[in-house]
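Here are some notes on the model you asked me to look over, set out point by point so that you can follow them with the structure open beside you.

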Amino acid sequence: MAKMTLQELRKLRDSKKTEIQKRDLSGKETQIIVGMGTCGIAAGAKNVLDTFLTQLEIHNLNSVVVTQTGCMGLCYVEPTIEVIAPGMPSVIYGKVDAEVAKKIVEEHIIHKRMVSEHVFDRPSVDIIKDGGK
Amino acid sequence: MAYRSYILVCGGTACESSKANAIYESLLNEVDGQGLSEEVQVIKTGCFGFCEQGPIVKILPEDSFYVQVTPSDAKELVEEHIVKGREVKRLLYDKEGSKKHAKVEDIKFYQKQFRIVLRNCGFIDPENVDEYIAREGYSALEKVLFEMSGDEVIQELRTAGLRGRGGAGFPTWMKWNFTKQVKDADQKYIVCNADEGDPGAYMDRSTLEGDPHSVLEAMTIAGKTVGANQGYIYIRAEYPLAIHRLEVAMAQARDYGLLGKNILDSGFDFDIEIRLGAGAFVCGEETALLASIEGERGMPVPRPPFPAVKGLWGKPTVINNVETWANIPVIIMKGGDWFSQIGTHDSSGTKVFALTGKIRNSGLVEVPMGTTLREIIYDIGGGIANDKKFKAVQTGGPSGGVITEEFLDTPIDFGSLQKLGSMMGSGGMIVMDEDDCIVDVTKFYLEFSVEESCGKCAPCRIGGRSLMNILDKITKGNGTIEDIEQMKEIGHAMKQASLCALGQTAPNPILSTVKHFEAEYLAHINDKTCPAGKCKSLITYNILPDLCIGCTACARKCPTAAITGERRQVHVIDQAACIKCGACFETCKFGAIEIR
């Protein structure tokens with residue numbers, strides 16, 4: 001890289017910022033959790049995960065974090081993903097492929113509308129979160 | 001293609017010494033072997049601060065905090081966590097033994113910390129300038145080059161209330177202003193003091209290792225502000241990793257035009273050179289440091305004139321320590337007002353401490369000024385190791401003093417520590433428990449100062465040696481009651497008459513411990529005993545016949561064969577042959593060895 005001018009430095013910073021912000025979890029309100037159990041992976045969860053990452057980048061959605069987890073138990077509709085977004089009920093989507101993933105980003109995350117035909121469940125009660133009661 | 005996971009491996013000196021490098025290599029290999037190098041980024045970053053539990057590996061976005069990782073764990077981490085999305089439970093940090101703490105935000109160690117200086121440590125790859133830039137790096141320099149005047153920069157530092165973090169706490173804006181105001185100088189210099197030498201202190205080293213660009217950016221800002229074109233970083237040769245990272249950072253900054261001629265096309269030139277120190281404590285004193293850069297013997301000269309007016313090669317020189325520099329870009333970026341809200345009225349901002357000694361979580365901590373010692377030791381440090389009783393905490397290294405239990409709730413800042421007879425110093429904090437002998441510890445610090453004295457002025461050279469002789473006498477059981485008064489007298493004389501801070505502060509450990517632990521000195525002098533059982537001349541090891549079962553374990557460990565006894569018979573220690581190494585005491589499982 002040759003010596004930079006002020007404009008070039010700013011441009012570089014902006015382009016790198018999006019990338020590094022993914023590492024910072026504070027201020028991230030929306031979470032997409034991809035079920036990456038054996039069943040999920042076999043059904044194409046990895047492709048779905050990649051699609052989410054690319055889509056979030058395309059739409060410049062910096063407050064969304066994508067994480068992975070094990071099998072959610074709905075193996076008959078894999079790949080499954082859970083979306084936790086502010087002002088929206090937490091839902092589990094099933095039979096998610098790259099197309100559905102795109103739709104979830106555009107509808108659920110951006111426009112706050114559920115992708116009803118793929119909603120399969122609400123997440124089960126988290127006993128740890130409620131103090132185990 | 002964006003990365004989906006990030007594996008951050010601690011690359012600080014502490015973790016590197018426990019094979020962090022090999023862990024990094026193994027992780028890279030595993031990620032590569034799984035065909036994931038396009039999706040998963042493995043990054044070697046700076047110190048996470050939680051050195052007690054190192055080597056540390058953090059995986060994002062799950063924010064899983066893995067501790068005491070070994071190279072052979074790499075395979076499992078990649079196969080389980082990365083491929084299958086299952087955390088490797090056995091490596092997660094577990095404090096209470098019951099509940100697993102997986103996330104950094106759950107760990108108490110980090111709860112009370114506020115990281116300004118260490119903002120990028122453990123987050124970015126210090127050898128990649130892009131990552132620093134992405135975290136708003138060099139945007140403060142932009143402001144200073146294109147938007148702010150020198151006076152505005154100094155005003156911002158004044159509003160911030162930043163005081164030098166090297167020990168003395170001198171207002172940074174004043175230093176800069178003195179240098180700026182010198183009009184007739186053909187040359188001015190910017191110097192970074194990275195000669196961190198206090199025993200147990202490694203704040204500056206970790207900052208340079210984890211975020212070298214923050215110091216480079218700050219020095220360039222100072223250069224523009226006061227009108228200097230050349231900077232020097234004086235760092236000890238025994239910090240090879242910090243030097244390496246600085247060299248890499250400087251090369252990258254030059255490449256990008258952030259250092260060197262015509263920075264960012266602004267017409268401003270500034271470059272930095274590294275000067276290696278040989279590791280003399282006195283070279284942390286600014287005038288001695290400057291002499292050492294000039295190639296002279298590292299000895300202090302009387303001030304004034306201060307370096308700000310007449311420094312390196314007689315030219316006006318701004319000299320700040322690493323931690324002070326690392327604060328500067330944040331102050332310019334976020335403003336002096338923001339900074340002044342943090343900490344106390346008298347001391348704004350944060351302070352980094354190297355927490356070591358008999359503490360459960362030793363490590364690097366950054367807290368707002370005004371945090372109490374109790375919070376640092378108990379909430380962050382997790383209390384005293386092995387459930388022993390707290391005795392005292394030593395701050396300020398060989399220049400500081402001890403603080404006892406009753407003062408633990410004092411909010412710490414520059415003023416409050418001084419009032420307690422100690423000082424902020426550069427930030428070493430050594431915790432002592434009931435097993436530490438206060439006279440012995442004091443002797444250790446004094447020994448350090450005496451060895452490191454440059455010998456130029458008599459009060460430090462002779463005074464230090466005399467104090468040493470008295471302390472030695474006391475620990476051997478030959479002390480008299482007059483010795484205490486005499487130590488105070490010599491100490492006060494050294495404080496008054498020594499040329500530089502080394503001699504002026506060398507008696508502090510004695511003066512402070514004599515004040516807070518007089519009874520312990522008296523026990524050594526009058527009763528010829530060492531209550532903590534540390535001073536070898538005053539103790540004997542004895543075997544309690546009732547408890548000894550004759551297992552022979554101690555006799556086998558004894559290096560001088562001073563212990564005799566038949567199997568299943570009570571053993572005896574031959575006091576003439578005993579060298580009081582304590583090996584038998586450590587070995588005995590039945591508590592049958594007594595220190596008297």
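The points below take up the contact between the chains and then a sheet in chain B with the helices that pack on it.

1. Please keep in mind throughout that this is a predicted model, and that what follows describes that model.

2. Where chain A and chain B meet, 26 residues of chain A are in contact with 24 residues of chain B. On the chain B side, helix H5 (129-134) and helix H6 (139-146) each supply at least two residues, and H5(B) gives the most, with four residues. By character, the residues that chain B brings to this contact divide into 11 nonpolar, 11 charged and two polar.

3. Chain B also holds an open sheet of four strands, in the order E7-E6-E5-E8 and with parallel pairing. Strand E7 (271-277) and strand E8 (317-321) of chain B each have a single partner strand, so one side of each is left without a neighbour in the sheet. On average, and with direction ignored, neighbouring strands are turned by 20° against each other.

4. Within that sheet, strand E6 (residues 230-236) of chain B runs parallel to E7(B) and is joined to it by seven bridges; across this pair, B:Tyr232 stands opposite B:Glu273 in E7(B).

5. Two helices deserve a look alongside the strands. Helix H10 (residues 212-226) of chain B packs on the sheet, where it touches E5 (189-194), E6, E7 and E8 of chain B, and its direction makes about 150° with that of E5(B). Helix H11 (residues 240-255) of chain B lies across E6 and E7 of chain B and runs at about 165° to E7(B).

Notes: Residues are numbered from 1 along each chain as its sequence is written. Chains are lettered from A and ligands numbered from 1 in the order in which they are written. This is a predicted model: local features need pLDDT of at least 70, side-chain atom pairs count only at pLDDT 80 or more; totals for chains, interfaces and linings use all residues. Two residues are in contact if their C-beta atoms, placed from the backbone, lie within 7 Å. Ala, Val, Leu, Ile, Met, Phe, Trp, Tyr, Cys and Pro count as nonpolar, Asp, Glu, Lys and Arg as charged, and the others, Gly among them, as polar. Two strands pair if DSSP finds at least two bridges between them. Axes are lines fitted to C-alpha atoms, for helices over the stretch in contact, and angles run from 0 to 180 degrees between N-to-C directions.
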